[in-house]
Amino acid sequence: MSATRPETYLTDLNPAQRQAVLTTEGPLLVIAGAGSGKTRVLTHRVGHLLAACGVKPNEILAITFTNKAAGEMKERVEHQLGPVARAIWIMTFHSACGRILRREAERLGYRSNFTIYDQSDQLRVVKACLEELERDPKRFVPRGIHSQISNAKNQLIGPDEYAARVASFYDQTVADVYSLYQRKLFTSNAVDFDDMLMLTVDVLQRFPEARERWAKSFRYVMVDEYQDTNHAQYVLLKLLVELSQNLMAVGDPDQSVYGFRGADIRNILEFEHDFPATKVIPLEQNYRSTNSILHAANQVISHNRERKEKNLWSDLGEGEPVHVVETEDEHSEARFVASEIAALIAQGSSAGEIAVVYRTNAQSRVLEDVLVRQDIPYQVIGGPRFYERAEIKDAIAYLQVLDNPNDAVSLLRIANRPRRGIGDTSLGRLNAYADGLGTTLWEATAFPEEAGLAAASARALKGFRDVMQTLMATATDASVAQLLEAVLDRSGYVEALESERTIEARGRVENLEELVGVAREYDQATEEPTLSGFLQEISLYSDQDALRDDEDEGGQVTLMTLHNAKGLEFRAVFMIGVEEGIFPHSRSIEENSLEEERRLCYVGMTRAKERLTMTHAMRRNLYGRVDANLPSRFIDELPESGVERERLRPTSWSGYGARAVQREFIPRSDAPDLSTGDAVRHASLGSGIVIAIEAGGVVTVRFEDGNERRLMLEYAPLERIA
DNA sequence: ATGAGAAACATTTTT
DNA sequence: TGTTTCTCAT
């Protein structure tokens, strides 16, 4: 690629961006306002280091928070620089820690093929601990305990230190669980997400040779979304740049919205203090939004006290005013938004350029109903995740046990799945037997009689153990995909699903096939594919980014929470439910985290490129209660100019004026004649089965994804399939 | 071991 | 108001 000469790649940067690219030595803080081109800065800076500063690819570590962001950055850098880019460490905090830990785990007594426990695995372990300690799970809610442990880990407080700080009986229980939890993970040769950071820090702090090696190997470190780092991540970075001090942090304190997950906004606010001689470069030119939108967003965020002054501007002109619309209730709000979307599409916008954002997931429902009826294609971000589906977790658990038989959580998960007569009682006995002997659960499975299992259970267990051992033998010379196929076959898992003969089961089998596809892809794309490698990769890639991307070919309106909208942009954005109690959420008002809510509002507003509409309803049905809500204080904080306020009232019994009803009800004359049990396909919802028919032409259809929906035969784009 | 029915519950969630 | 989780009965 020829884009590697400075005069080429510097020309498409503004002065501040250029300065950020050229400042390579010493600590650098780039305050990157929304839409200010920070990804461009990041990628160009990598290019500059390689092309003009003689830096080798493997000396650069570029950290992001999401796999998606890492993937995008990698792609851009590769596009710019060619294959050399592949040697650059562009990855998430967790993948980087995973890579480091794989090399260093043995110093801490873990083996390098450690298993990574996700949220639900972690919760299982907490529950097991509470049970073992005989604490009442009503008083000590597992989720609460877990979040205490997680917080402690983010603060780098280990079990011993936690125990030393105990101030109440509750704390004492947390401390006991924490310590037992860590021991359980250790004997399972497993770590949780938080451990990945905490243990990496631990190994670097306790072993100077390790610290020196890694600090030497990364001469240049860059971190994106620095405002979202937690304390552990901060300490990790400090250790990694100990020698060079070449740390570039890119972030925007106004977009810190993950405080509730341990992100510490002070990291970015105090960066200059933490890293003396820091150079600070603000990027204030916005390339995304019109000035009406920016002005409005700036005005709202200026109400935060704990903040560094910043003023975004753009040369994209004034644009349309921001629309603020009041409706009667959530239904009219949804109808209004849907009709506006329909109008935008009619004017030539693509559905993919439109987003609806809201504070809580539950708010999508009402809107979905209207969108379906109006036949507007949409996707909801944040539904059930691929890797969290039961069948996928089961299949992965099999692989985990094959790779790391000590992994007790996975073993317990699959022992009786599919059902093979190894019940909870038997597993409990085995567990007790293993504990008594100080061995692992897997080893105990070799001695069912000694563990006191009934004859039938013992036989079942032997069968299970045989299958697993055969598979383990296969594991040594099969590819990951082959092994997975062997697992699905030999375990009887797929067979059990197939014999269910339901749509759900068929969907599960399809999901499993998709997982085999993922494994195949891994086998092909990786230089040295190994089972451990595959497992570590997918443990950290546990979201639906990949699927999300291939699915939105046709262009669909995107529905998502404000949190999920971070980092994205759309031509038109509808922010719904902008009401006191909803947004800001009543919990946030109680918890005094209003400033974070306001930042969330800022994030949402700055997603819009050309058109921003904020709606609020006077009445809203929430949890079966009708509440009267005031408009959000954030609406009061909007400027006078560049904002157009509108109040929608019914003009007739049927709707909100012409534009609201236009597309709504056009009955079809060719409605299919359906009966219960018929297979049907819906134009936007996929196929499913009719499970009920009511008077008035209302059918209930259960779709393949498990959702059930009531549809009006006369209007729904439904057809019968064979 | 499975399912029906009651009770409890209901921000946000990059890894 | 929907959903999930728990309990109890089968």
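**Chatting over two DNA strands and a sheet**

Visitor: How does the surface near DNA strand B split up by class, nonpolar, polar and charged?

Guide: The surface near DNA strand B has 6 nonpolar, 11 polar and 10 charged residues. Keep in mind that this is a predicted model.

Visitor: Okay. Which residues come nearest to DNA strand B?

Guide: There are 27 residues around that strand, and R261, R359, R385, R419 and S588 come nearest. Of the atoms of DNA strand B that come within 4 Å of the protein, 52% belong to sugar and phosphate.

Visitor: What sits by the phosphate oxygens of strand B on the protein side?

Guide: Two backbone contacts to mention. N67 has a polar backbone atom 3.2 Å from a phosphate oxygen of DNA strand B. For N361, a backbone N or O atom is 3.0 Å from a phosphate oxygen of DNA strand B.

Visitor: And E591, what does its side chain reach on DNA strand B?

Guide: A base oxygen. An N or O atom in the E591 side chain lies 3.0 Å from it.

Visitor: Which elements give two or more residues to the surface near DNA strand B?

Guide: Those are α28 (562-565) and α29 (586-591). The most comes from α29, which gives 3 residues.

Visitor: Switching strands. Which residues are around DNA strand C?

Guide: K138, R365, Y623 and G624. Sugar and phosphate make up 50% of the atoms of DNA strand C that come within 4 Å of the protein. By class, the surface there has 1 nonpolar, 1 polar and 2 charged residues.

Visitor: How far is the R365 side chain from a phosphate oxygen of strand C?

Guide: An N or O atom in the R365 side chain is 2.4 Å from a phosphate oxygen of DNA strand C. G624 uses its backbone instead: an N or O atom there is 3.2 Å from a sugar or linking oxygen of DNA strand C.

Visitor: Let's leave the DNA. In what order do the strands of the open sheet run, and is the pairing parallel or antiparallel?

Guide: It is an open sheet of 7 strands, ordered β11-β12-β10-β13-β14-β9-β17, with parallel pairing. At the edges are β11 (378-380) and β17 (643-647), each pairing on one side only. On average, neighbouring strands are turned by 20° against each other, direction ignored.

Visitor: How many bridges join β10 to β12?

Guide: 4 bridges, between β10 (residues 354-358) and β12 (residues 557-561), and the two run parallel. If you want a spot to click on, V357 stands opposite M560 in β12.

Visitor: Which strands do helices α15 and α17 lie across?

Guide: Helix α15 (residues 291-301) lies across β9 (322-327) and β14 (608-617), at about 50° to β14. Helix α17 (residues 364-374) lies across β10, β11 and β12, and it runs at about 160° to β11.

Visitor: One last pair. At what angle do α6 and α7 cross?

Guide: Helix α6 (residues 119-132) and helix α7 (residues 142-154) cross at roughly 110°, and their axes come within 9 Å. Angles of 65 to 115 degrees count as roughly perpendicular, so that is how α6 and α7 stand to each other.

Visitor: Which residues make that contact?

Guide: On α6, Q119, Q122, L123, V126, K127 and L130; on α7, P142, R143, I145 and H146. By class, the contact of α6 with α7 divides into 5 nonpolar, 3 polar and 2 charged residues.

Notes:
Residues are numbered from 1 along each chain as its sequence is written. Chains are lettered from A and ligands numbered from 1 in the order in which they are written. This is a predicted model: local features need pLDDT of at least 70, side-chain atom pairs count only at pLDDT 80 or more; totals for chains, interfaces and linings use all residues. Side-chain values use heavy atoms; hydrogens and water are left out. A residue is near a molecule or strand if one of its heavy atoms lies within 4 Å of it. A polar contact is a pair of N or O atoms within 3.5 Å; within protein, one must be able to donate a hydrogen and the other to accept it, and residues adjacent in sequence count only if both atoms are side-chain atoms. Ala, Val, Leu, Ile, Met, Phe, Trp, Tyr, Cys and Pro count as nonpolar, Asp, Glu, Lys and Arg as charged, and the others, Gly among them, as polar. Two strands pair if DSSP finds at least two bridges between them. Axes are lines fitted to C-alpha atoms, for helices over the stretch in contact, and angles run from 0 to 180 degrees between N-to-C directions. Contact means heavy atoms within 4.5 Å. Angles under 35 degrees count as roughly parallel, over 145 as roughly antiparallel, 65 to 115 as roughly perpendicular and the rest as oblique.
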